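Good morning, colleagues. Please look at the sequence and the structure on the screen, and I shall take you through the sheet, one helix and one loop residue.

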Amino acid sequence: ANSLAHALLNVPQLQVLRLTTNSISHKAVSAMGQSFSAMPNLQVLRLGHNLLGDAPLGSFVLTVLQRISLNSNSIGDVGVASLASALDEMKCLKELELSNNRIGDLGIEVLAPALGKAMKLE
């Protein structure tokens, strides 16, 4: 996890990062979160089909991100709440994929108002 986070610091020009269908855990996401802030051109982040669970998804806050795919990660109410709190800062976000997770009524209650404010979502 730390080696990937370190490697990402060396590619600030990267626009698309696809790490789908791996075994990336919440620990790796936390380590990578700091690297994302050093990637000002990252527009697409695809982390579907991993093991994120209720990782602190607010670490994905990048104002230039346009698409985030987090499907099939067992994300629950806690994880989606951390993501919802970060949506205000993601001014370019157009697509958010959260299908096939464990988001319940509580998570939807937190996510819905945040999505309402994120006017550019497609």
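The sheet in this predicted model is an open one, built from 4 strands in the order β1-β2-β3-β4, with parallel pairing. Where does the sheet leave a strand side without a neighbour? The edges are held by β1, residues 16-18, and β4, residues 95-97; each has a single partner strand, so one side of each has no neighbour in the sheet. On average, and with direction ignored, neighbouring strands here are turned by 5° against each other.

Let me stay with the β1 edge. Its partner is β2, residues 44-46, and the two run parallel, joined by 3 bridges. Within this pair, Val-16 stands opposite Val-44 of β2.

I turn next to helix α2, which spans residues 26-36. Which of its residues are buried? They are Ala-28, Val-29, Ala-31, Met-32, Gly-33, Ser-35 and Phe-36. The cover over these buried residues includes β1 and β2, the two strands just described, together with α1, residues 2-8.

Finally, consider the loop between α1 and β1, where Gln-13 lies. Is Gln-13 buried or exposed? Its relative accessibility is 52%, and the cut-off for an exposed residue is over 50%, so Gln-13 counts as exposed. Along the chain, Gln-13 and Leu-42 are 29 residues apart, while their C-alpha atoms are separated by 7.5 Å.

To close, I would return to β1: this strand stands at an edge of the sheet, pairs with β2 through 3 bridges, and belongs to what covers the buried residues of α2. Thank you for your attention.

Definitions and conventions
Residues are numbered from 1 along each chain as its sequence is written. This is a predicted model: local features need pLDDT of at least 70, side-chain atom pairs count only at pLDDT 80 or more; totals for chains, interfaces and linings use all residues. Side-chain values use heavy atoms; hydrogens and water are left out. Two strands pair if DSSP finds at least two bridges between them. Axes are lines fitted to C-alpha atoms, for helices over the stretch in contact, and angles run from 0 to 180 degrees between N-to-C directions. Buried means under 20% relative accessible area, exposed over 50%, partly exposed in between (1.4 Å probe, protein chains only). Contact means heavy atoms within 4.5 Å.
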